[in-house]
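Work through these short exercises with the model open beside you. Try each task before you read its solution.

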Amino acid sequence: MATIVFCSVNKTAQTALRRCLISHFKGLASAGESHLLSSTHSPSLTLLSGTRWIFRGTGVRFMSHGTAGRAASGRSRRGALAVCGAAAVTAAAAVAGFLANASHFQRAEMAKKISQVVEEQEEGILERCQGFMSLPVTDVDVLQERKEEMRTRMEMLIMETQADFCKALQEVDGGTFKVDRWKRKEGGGGISCVMQDGKVFEKAGVNVSVVFGNLTEEAAKQMRSRGKVLKGKDGKLPFCAMGVSSVIHPKNPHIPTVHFNYRYFEIEEEDGSKQWWFGGGTDLTPVYVNKEDAFHFHNTLKEACDKHHPKYYPDFKKWCDRYFYIRHRGETRGIGGIFFDDLDGPSQEEAFSFVKSCARTVVSCYLPIVYKHLKDPFTAEEKDWQQVRRGRYVEFNLVYDRGVKFGLATPGSRIESILMSLPLTARWEYMHEPAKGTQEAELVEVLRNPKEWV
């Protein structure tokens, strides 16, 4: 696994560096080239095949090529990079390699720490769009005109999150996402990325939606029930809602299901003022309890939360356990994570920064777990238990999930995208109860009595 670290001394150097790299990348793209990086003394630059490059501002950022378990045993793979242009670039670049036999969690931790060294600086709209699964829902010209507005910044974040997660899943599975753009006649649209019957994932979906129009009375009623004071004009409440959501259902019962959703709402009231808030979270639904997996998942989320407020993780972890509770079963859907809604402080900028930190953990909190259990054997009985647990997942999503309810209550919503979270297969057995002392019973105990994992 090669890790490339970018260092830039100042804004001028960073800008010059970016221009040189983009120019070179376009040349490579037109020539169809993809090679190993040049030596640290060459001003030329070539690319590692399958590599994702990230340019996000002053300081240090990273990108990784390959994944744990793919390097030859006992050998180190080192990536080297020099980004220097004698006349144009005053920045320096350094590289580091990871030992091939390091654990999946160690690799993820190293990458995460490097990425947290500096704060993000937004790049140009067109430049960022090149790495997306599709063009954004909103016209690029419109996004460029209002690039400072929160609606634009959030749309770019959810597009980026979708692309990062889809590419990481494609790399481990070997399959390809179907990219399905759709429009809503009432206003807006979305991009649904779905991969079915892959080698690793039975069904993987990552959706982006950006919709606007007027809230229906049913949707407004749901919001008022949460304490929202909404004053429309002539009975109308103009709104804008956008978000990225994903549910991944693996084939192997030892690889857990994961779900995340990060969203933003704006509502315009009768006096022209706007109410806004963020919501979201990430949670894990294993079929079998693995304490190491649970610690890694929760600790990754905790570190993202702790950068913003020490109470965010404990509060949002409890909220997650309460929210993903299947009341008619007396158990939670999974082992939780974080969940929050109606986040409108301490300021819009600080709230967005927090959401951004959480959204950027979706790969690092989940993919190491996938790789760890990629080749775990399983029995027919374990597969049956996975199907029973999926039945519980379906019950929660159709009966309680707030996003599903909002989608179904919004005219013009795309039903296929709303119900994308449902697995291809599930199972309901009459009066099913696992035998005491089994691993299945251990899971049920955890779901009935949520634990602290970090």
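## Salt bridges

The count comes to 20 salt bridges, where a salt bridge is a side-chain nitrogen of Lys or Arg within 4 Å of a carboxyl oxygen of Asp or Glu. This is a predicted model: local features need pLDDT of at least 70, side-chain atom pairs count only at pLDDT 80 or more, and totals for chains, interfaces and linings use all residues. Residues are numbered from 1 along each chain as its sequence is written, and side-chain values use heavy atoms, with hydrogens and water left out.

**Exercise 1.** Find the salt bridge between Glu-349 and Arg-153, and say which helices hold the two residues.

*Solution.*
- Start with the distance: N to O, the pair is 2.8 Å apart.
- Next, place the residues. Glu-349 sits in helix α9 and Arg-153 in helix α5 (residues 150-173), so the pair ties together parts 196 residues apart in sequence. Helices (H or I, at least four residues) and strands (E, at least two) are DSSP runs, numbered from the N terminus.
- Then check burial. Buried means under 20% relative accessible area, exposed over 50%, partly exposed in between (1.4 Å probe, protein chains only).
- Glu-349 is partly exposed at 41%, and Arg-153 is buried at 17%.

**Exercise 2.** Which residues are linked with Glu-160 in a network of salt bridges?

*Solution.*
- The network links Arg-128, Glu-160 and Arg-360.
- Look at the Glu-160 and Arg-360 side chains: they meet at 2.7 Å, N to O.
- Glu-160 belongs to helix α5, while Arg-360 is in the loop between α9 and α10, 200 residues apart.
- Glu-160 is buried, with a relative accessible area of 6%. Arg-360 is partly exposed, at 25%.

**Exercise 3.** Is Glu-331 buried or exposed? Do the same for Arg-389.

*Solution.*
- First confirm the salt bridge: the closest N and O atoms of Glu-331 and Arg-389 are 2.8 Å apart.
- Glu-331 lies in strand β12 (residues 331-332) and Arg-389 in helix α11, so the pair ties together parts 58 residues apart in sequence.
- Glu-331 is buried, with a relative accessible area of 2%.
- Arg-389 is buried too, at 7%.

## The sheet and its helices

**Exercise 4.** Trace the open sheet and find which strands stand at its edges.

*Solution.*
- Seven strands follow the order β5-β6-β7-β8-β9-β10-β13, with antiparallel pairing. Two strands pair if DSSP finds at least two bridges between them.
- β5 (178-183) and β13 (336-343) each have a single partner strand, so one side of each has no neighbour in the sheet.
- Neighbouring strands are turned by 5° against each other on average, direction ignored. Axes are lines fitted to C-alpha atoms, for helices over the stretch in contact, and angles run from 0 to 180 degrees between N-to-C directions.

**Exercise 5.** How many bridges join β8 and β9, and which helix touches β9, β10 and β13?

*Solution.*
- β8 (residues 238-250) and β9 (residues 257-268) pair over ten bridges.
- In β9, Tyr-262 is the bridge partner of Val-244.
- Helix α9 (residues 348-359) packs on the sheet and touches β9, β10 (274-285) and β13. Contact means heavy atoms within 4.5 Å.
- The direction of α9 makes about 20° with that of β10.
- Helix α10 (residues 362-372) lies across β7 (201-214), β8, β9 and β10, at about 15° to β10.
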